[in-house]
Amino acid sequence: MKKKALSLLLASTMVMSLAACGNNDAATTDSTSNDSASTTEKTDSSDAKTDAATDSAAADYQHSTLKMVVNGTLTATVDNGQADFEAQWEAAVSERMGYAVDLQIQQLDHSGYTDAVGRLFASQDYPDVMIMSAEQFKQYAPTGILWDMADAYANAEFQNRITLTAINENLKDKEGRLYGFAPTYGNGCVTYVKKAWLDALGINADDIKTYDDYLNMLVRFHDEDPDGNGVAGDTYGVVAAGFLGNEAPYINYLPEFWQDAYPAILEDANGVWYDGFNTQETKDALLRLQDAYNKGAIDPESLTASTKIAREKWFSNDQTGSSGVFTYWAGSWYQTLTDNLVKNEVDSELVQLAPIEEVAAIGGYLNREAPVWVIIDDGDGDNAREQEIFDMFIDTMLDGDVVQTLWTYGAEDVHWSTKAESFTTNAGTDSAKEYNYEEGKFHLKQSPNDPNSVWKKNHLDPALVVSPLTNGYVDQSELAAAGNKFFTDNCIDAPSSPTSETYTNESGTIYDAKMAVVTEVVTNNGNVDDAMQTLYVDVVGATIETILAELNAQ
Amino acid sequence: MSKKNVALTSSGAEIRKKPLSLRIWNNRGYYVMFLPVLIFVLILYYWPMLGVRYAFYEYKPVGTPTFVGLANFEKMFGTNVKAFMTAFTNTLELSIVRLLLTNLSAIIVSLFLNEMGNLFAKKTLQTIIYLPHFMSWAVVASIFSLFLSPSSTGLVNGMLREWGILGDADKNIYFLANSDWWRPIFQGINIWKETGWGTIVFLATLSGVNPELYEAADIDGATRMQKMFYVTLPALGSTIITVLILNLAKVLNMFEPVFVLYNNAVYDVADVISTYTYRQTFAIALPNYGYTTAVGLFRSLVGCVLVLLSNWLSKKVRGRGII
C-alpha cells in the first residue's frame with residue numbers, strides 16, 4: 001500500500017510539473033506572439049467597424065509595454081546605469097503619452113547580434129522596436145515584417161529640427177517606403193597611431209602620405225624597438241579584427257591596404273551591380289596584404305581576432321606583441337582608446353592619421369551606412385499600434401530635450417548632472433585628473449562602473465545625430481569632438497549594400513569563400529589568380545551570377 | 001485457453017497468463033508511474049521530431065514556411081556541395097581519429113597506471129589526469145590559443161625560437177590557423193583533455209582481472225611486459241571493443257571542441273556538419289532554417305545508419321545489441 005501511495009504521489013508530482021511547464025509555455029507564447037506583441041489594450045479593428053470607429057480606436061490606442069531589442073550601442077548597460085536610464089525614460093515618456101509606459105530592454109551581445117535576432121524571430125519572440133545594422137535592415141525590409149513609417153516620419157514632431165535630412169531620405173525605397181529610422185549618420189573608422197612609438201623611431205606622422213610611407217612605418221614598428229623594451233621584432237605594425245570584415249563596409253579596419261578595392265557586390269556609377277571581390281583592385285589589395293604580412297607589418301593574429309581581442313591587445317598593459325597602428329571607430333572611440341591606454345599605464349597620446357594618398361583618392365575613410373531603428377509590424381492591417389510606438393519611441397528619441405538627452409547622455413545624476421560637484425579620475429597616479437563643476441553647469445559624471453573614466457555618451461552620439469539637442473546640453477571631450485571633426489573632414493559614404501533573395505540566402509557561403517581566398521593569399525602565400533578561381537569562382541561563381549542578375553533586373 | 005495466454009517458465013512448465021487488461025489493472029501503480037515518463041518522452045523527444053518536415057520547406061525567421069519539396073537537398077548536393085561535403089568528410093575523419101586516439105591513449109595510460117605499485121602516486125596521478133575533463137571547452141580553447149599564439153608573446157613559438165627550431169628568418173607558426181597544423185593540434189588537445197576520463201572504464205575492467213592469471217604467469221616465468229601483453233591487454237579486449245562500438249554511434253555529434261578552436265582559415269580541415277549548420281543558421285541576417293534542417297536531417301540519417309551498424313557489430317562481438 002505504501003508503495004502504491006508513493007508511486008501515485010511521484011506520478012502526480014511529475015504530471016503536475018509537466019502541466020505547470022505547459023501552462024508556462026502557453027502563457028509565454030501568448031505574451032510574445034507577434035499578433036499580440038506587448039499590447040495591453042488593443043482595439044478590435046474588424047471589418048465590420050466603420051472608419052470613424054477605427055479612427056477613434058486608433059486615437060484611443062495605448063501601448064503600455066514597449067519591448068525594445070538593442071545591441072551594444074546602448075552604452076548604459078545593465079551594470080552601467082541602465083535601470084536609471086529606463087526609469088527616467090519611462091517617467092518622461094509616460095508624461096508625454098498621458099499614460100504609464102513600461103520599457104522592457106533586451107540588450108543582446110553586440111558581436112553576436114545578428115545570430116541572436118535570428119533566434120528571437122525564429123521563436124516568434126518579436127519586440128516592438130529594435131536596432132538593425134544597415135545590411136541586416138536591407139535583408140529584412142522586403143520581408144513585410146517591418147512597418148513602413150514614411151508617413152509617421154513625415155509628420156514627426158522633430159521634422160522641423162532635422163539638420164541632416166538626406167540620411168533618412170536615402171533609406172526610402174523606390175516607392176517611398178521607409179522601414180527604418182536612422183537617428184544618426186553612420187560614422188566610420190580612422191587610423192590611430194601611438195605617438196610614443198612614432199617618437200621612439202623618429203617618425204613624423206605628417207610624413208606618412210603614401211602607402212609606401214605607411215608600410216615603411218609598419219615595418220619599422222616590427223623590425224625595431226618602438227616600445228623601448230630592448231627587444232626588436234616583438235611588436236607589430238598594425239592589428240585588426242580580420243583582414244576582411246564580416247559586415248559592411250568590410251574594409252574599414254585596414255583601409256590603407258584595400259585602398260580602391262571594395263570586395264563586395266556593389267553598384268557602379270551607371271547603376272549596374274557587379275562583384276567587387278573578383279576584380280583587379282581586390283587582387284592588388286590581397287597582394288599588398290600578403291607582402292605586409294610576410295614582412296611582419298601585420299599582427300598575424302589579425303586573421304582570427306575579434307574586435308575585442310584586437311582592441312585589448314592594442315592598449316594592453318604589456319606592449320610586447322602589441323602594434324603601433326589601429327584603425328578603429330572615430331569620435332568618442334578616440335577618447336575611449338586614450339582612456340584605456342591611460343588605465344593600462346601606457347603612453348596614451350594618439351595621432352589620427354590623415355588618409356594616405358591612395359585612400360584619399362577614393363574620398364577618404366568610409367562612412368558606413370547608418371544603423372536604423374525599426375518597428376515590427378504586427379500585420380493586422382491597422383497602424384494604430386505602430387503609430388503609437390513611433391510616437392513614444394522614435395518621435396521622443398529626437399525631442400531635443402529630456403528624452404533625447406537620455407538617449408544622448410544617459411540618466412540624470414547617474415551619467416550626467418547639472419549639480420555642483422568635484423571628482424578625480426585615476427587618483428594617486430600620474431594620470432590623475434580633477435574635475436570641478438559649478439551648480440547649473442551641465443557635465444558628464446564618472447562612469448557608473450568605472451570611476452576612473454568619465455562617461456562619454458549613451459546611444460546617440462551628439463556629433464552624429466540628425467537633429468541636435470535644443471536644451472544646450474553639451475559636454476563632449478576635446479578628443480571626441482576632434483575625432484568627429486577629423487572623420488567628417490576625411491570621409492566618404494560607403495557603397496550601399498545589395499538586396500536580393502539569393503544574396504540573402506547565400507551571403508554566408510559567399511563570405512566563407514571570400515575568406516578562403518584571403519587566407520590562402522595573405523597567410524599561405526597563395527597565387528591570387530589561382531585562389532580566386534578555385535576558392536571563389538568555382539565555389540560561388542554561379543551564385544554570384546544569379547545575384548547580379550537579380551540585382552540588375554530590379 | 002488459447003496459446004497466446006500461455007507462457008513457459010524457465011523449467012518448461014506452462015503457466016496461464018492473465019488477460020492484458022487484467023495485467024495492466026493489477027500493475028496499475030507501475031503504469032501510472034510510467035505515464036508521466038511516457039508523456040515526457042513524447043513531448044520532449046518525439047514531438048520536436050515533427051520539425052524535420054521543415055527540411056522540405058523554405059522557413060525563414062519571418063513569413064510563412066513555404067513547401068519547396070527537395071529544393072534544400074538539391075542545394076546541399078548542388079550549389080553548396082563543396083562546403084557541405086567538406087564538412088561531412090571532416091566530421092567523419094575528425095571524429096573517428098579522435099575516437100581511436102583518445103581510446104588508444106586511455107588504454108596505454110590505464111596499463112601504466114595498473115602497473116604502478118605505489119597506491120598514493122597512482123591515485124594522485126589519476127586525479128591529475130582526470131582534471132582537464134572538467135574544464136569547459138571554452139576555457140581549454142582560451143588556454144591553448146594563448147600557448148599557441150603566433151604573436152611574439154606565444155609560448156610555444158617562443159620555445160621553438162629559443163631552441164633554434166625556428167630561425168631568425170622564420171615566421172612564427174599560427175598553429176590554429178594553419179591547415180597542416182590544425183588537426184594534429186586538435187587531436188592533441190583532445191587527448192590531453194579526455195585521456196584521463198577515458199581510463200576510468202579500462203581501470204575498472206583491470207581491477208576485475210583474476211589475480212590467479214598473474215600468479216600463473218609468474219610461475220611460468222613471464223616478465224612484467226609479457227604479463228601486460230598476454231594477460232592484461234587480452235582482459236581489456238572486450239571492453240575496448242565495447243567502448244569503440246558505443247562511441248561509433250556518436251561520431252557525428254561533434255560541435256563544441258571544433259567550434260571553439262576553429263576559424264575561417266581552417267574550414268577546409270576543421271569545418272564539421274554542426275559548425276557548418278551553425279554558420280548557415282546564425283551567421284547570416286535572414287537564414288533559411290529549412291536548409292539547415294535538411295542538413296541536420298541528413299546528418300541524423302547517417303547517424304542512424306551508424307547506430308544500426310554499431311548495434312550489428314555489438315551483436316557480433318558481444319552477443320547483445322546496444323539498442
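A:Val69 stands opposite A:Met130 in strand S3 of chain A. Strands here are DSSP runs of E with at least two residues, helices are runs of H or I with at least four, and both are numbered from the N terminus. This is a predicted model, in which local features need pLDDT of at least 70 and side-chain atom pairs count only at pLDDT 80 or more, while totals for chains, interfaces and linings use all residues. Residues are numbered from 1 along each chain as its sequence is written, and chains are lettered from A and ligands numbered from 1 in the order in which they are written.

**The sheet in chain A**

Strand S1 (residues 65–70) of chain A pairs with strand S3 (residues 129–132) of chain A in the parallel sense, over 2 bridges. Two strands pair if DSSP finds at least two bridges between them. A:Met68 has A:Val129 as its bridge partner in S3(A). S3(A) also pairs with S11(A), this time in the antiparallel sense over 4 bridges. There, A:Val129 has A:Ile375 in S11(A) as its bridge partner.

Strands of a sheet pair through backbone hydrogen bonds, either parallel or antiparallel.

How many strands form the open sheet of chain A? There are 4, in the order S2-S1-S3-S11, with mixed pairing. Strand S2 (102–107) and strand S11 (372–375) of chain A stand at the edges. Each has a single partner strand, so one side of each is left without a neighbour in the sheet. From one strand to the next, the twist averages 25°.

Helix H15 (residues 384–397) of chain A packs on this sheet. H15 touches S1, S3 and S11 of chain A, and its direction makes about 150° with that of S11(A). Axes are lines fitted to C-alpha atoms, for helices over the stretch in contact, and angles run from 0 to 180 degrees between N-to-C directions.

S3(A) is covered on both faces. A:Val129 and A:Ile131 are buried on one side, and A:Met130 and A:Met132 are buried on the other. A residue is buried if 20 or more other C-beta atoms lie within 10 Å of its own, exposed if 12 or fewer, and partly exposed in between; C-beta atoms are placed from the backbone.

**A covered helix**

Helix H13 (residues 332–343) of chain A has 12 residues. The expected span is 1.5 Å times one less than the number of residues. That gives 16 Å for H13(A), and its end C-alpha atoms are 16 Å apart, which agrees. Is H13(A) mostly covered or mostly exposed? It is mostly covered: 10 of its 12 residues are buried. Among them are A:Trp333, A:Tyr334, A:Leu337 and A:Asp339. The buried residues of H13(A) pack against strands S4 (189–194), S8 (323–329), S9 (350–353) and S17 (450–454) and helix H17 (478–489) of chain A.

**Backbone details in chain A**

Three residues with positive phi are set out here.

| Residue | Phi | Place |
|---|---|---|
| A:Glu345 | about 55° | just after H13(A) |
| A:Asn187 | about 75° | loop between helix H7 (166–169) and S4 of chain A |
| A:Asp413 | about 65° | loop between helix H16 (402–409) and strand S12 (416–417) of chain A |

A:Asn187 is buried, with 24 other C-beta atoms within 10 Å. A:Asp413 counts as exposed, with 12 C-beta neighbours inside 10 Å. Neither A:Asn187 nor A:Asp413 is a glycine.

The peptide bond from A:Ala248 to A:Pro249 is cis, with omega near 10°. A:Pro249 lies in the loop between strand S5 (236–239) and helix H10 (255–258) of chain A.

**Chain B**

Helix H13 (residues 273–282) of chain B packs with helix H14 (residues 289–318) of chain B at an angle of about 170°, with their axes 9 Å apart. H13(B) and H14(B) are therefore roughly antiparallel to each other. Angles over 145 degrees count as roughly antiparallel, under 35 as roughly parallel, 65 to 115 as roughly perpendicular and the rest as oblique. Residues of H13(B) including B:Ile273 and B:Tyr276 meet residues of H14(B) including B:Val295 and B:Arg299.

Chain B also touches chain A: 37 residues of chain B are in contact with 41 residues of chain A. Two residues are in contact if their C-beta atoms, placed from the backbone, lie within 7 Å. Which element gives the most to the side of chain B that touches chain A? H2(B) does, with 8 residues. By class, this side of chain B has 22 nonpolar, 13 polar and 2 charged residues. Ala, Val, Leu, Ile, Met, Phe, Trp, Tyr, Cys and Pro count as nonpolar, Asp, Glu, Lys and Arg as charged, and the others, Gly among them, as polar.
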